[in-house]
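Open your viewer and get ready to click around. We'll go stop by stop, and at each one I'll tell you what to select and what is there.

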Amino acid sequence: LRGQLVIAPQYEQFDLYTFATDWQINRVKQNGKYGYIDRSGNVVVSISYDFALASTVKVYDEGEDPADPEAGRDRAVVYVLDGDRWGLMYRLHDGSTGEVTWGVEPPAEMVEAAQHRAQTD
């Protein structure tokens, strides 16, 4: 792809892939809204949210003890903010996302980042 245009310039903001997982998606901002695209420019997370940020959550299989530091595994997610409600989208096996699970509170530093972003936009 060297020297070829893959994603046409259309975004107000394009964050290069920096998330430490095998899910290579990039956060974009268009018309004041955030979402994620893949390396080919396909929309993975609708560009319709007031804020969006990729992260991981620890998930546990049935019978695993969350107090055990060896238990659980990290799962890639995207937290989204729509108005005053937060949601979470899990990465599916094909690299897409499922539906938003609303009412999931993100880590405090993510809430702070969204508040800071709102103040600087």
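Before the first click, a word about names: helices (H or I, at least four residues) and strands (E, at least two) are DSSP runs, numbered from the N terminus. Two strands pair if DSSP finds at least two bridges between them.

This is a predicted model, where local features need pLDDT of at least 70 and side-chain atom pairs count only at pLDDT 80 or more, while totals for chains, interfaces and linings use all residues. Residues are numbered from 1 along each chain as its sequence is written, and side-chain values use heavy atoms, with hydrogens and water left out.

**Stop 1: the whole chain**

Show everything as a cartoon. You should find one helix and eight strands, and from the N terminus on they run β-β-β-β-β-β-β-β-α. Now colour by pLDDT, the predictor's confidence in each residue, from 0 to 100. The chain averages 85, and 89% of the residues score at least 70. Among the elements, strand 8 (residues 101–102) has the highest mean pLDDT, 96, and strand 1 (residues 13–14) the lowest, 70. Keep in mind that where pLDDT is low, the predicted coordinates should not be read in detail.

Next, switch on the surface. The chain exposes about 7,800 Å², and carbon and sulfur atoms supply 46% of that; the areas come from the Shrake-Rupley method with a 1.4 Å probe, and for residues only the protein chains shown count as cover. Of the 121 residues, 35% are buried. Buried means under 20% relative accessible area, exposed means over 50%, and partly exposed is in between (1.4 Å probe, protein chains only).

**Stop 2: the sheet of strands 1 to 4**

Select strands 1, 2, 3 and 4. They form an open sheet in the order 1-2-3-4, with antiparallel pairing. Strand 1 and strand 4 are the edge strands, each pairing on one side only.

Walk across the sheet. Strand 1 and strand 2 pair over two bridges, and Gln13 has Lys29 in strand 2 as its bridge partner. Lys29 also stands opposite Tyr34 in strand 3. Strand 2 and strand 3 run antiparallel, joined by six bridges, and they form a hairpin with two residues between them. Click Asn31 in that turn: this residue has a positive phi of about 55°.

Carry on to strand 4 (residues 43–49), which pairs with strand 3 over three bridges. Here Tyr36 has Val45 as its bridge partner. This hairpin has four residues between the strands, and Gly41 takes a positive phi near 90°.

How many of the six residues of strand 3 are buried? Five are, so strand 3 (residues 33–38) is largely enclosed by the rest of the structure. Strand 2 is mostly covered too, with five of its six residues buried.

**Stop 3: Arg27**

Select Arg27, which sits in strand 2 (residues 25–30), and show its side chain. Is Arg27 buried or exposed? Arg27 is buried, with a relative accessible area of 7%. Its bridge partner in strand 3 is Tyr36. Now follow the side chain of Arg27 to the backbone oxygen of Ala52, at 2.9 Å. Not counting residues up to four places away in sequence, Arg27 touches residues including Phe14, Phe51, Leu53 and Arg117; contact means heavy atoms within 4.5 Å.

**Stop 4: the other sheet and the helix**

Select strands 5, 6, 7 and 8. They make an open antiparallel sheet in the order 5-6-7-8. Strand 5 (51–59) and strand 8 stand at the edges, each with a single partner strand, so one side of each is left without a neighbour in the sheet. Two bridges join strand 7 (residues 85–90) to strand 8; find Gly87 and its bridge partner Trp102.

Add helix 1 (residues 108–120). This helix lies across strand 5, strand 6 (73–82) and strand 7, running at about 180° to strand 5. For that angle, axes are lines fitted to C-alpha atoms, for helices over the stretch in contact, and angles run from 0 to 180 degrees between N-to-C directions.

**Stop 5: Leu92**

Finish in the loop between strand 7 and strand 8, where Leu92 lies. Leu92 is partly exposed, with a relative accessible area of 34%. Leaving aside neighbours within four places in sequence, Leu92 is in contact with Arg75, Thr97 and Gly98. Try a distance label too: the C-alpha atoms of Leu92 and Val77 are separated by 9.3 Å.

Note on methods: A polar contact is a pair of N or O atoms within 3.5 Å; within protein, one must be able to donate a hydrogen and the other to accept it, and residues adjacent in sequence count only if both atoms are side-chain atoms.
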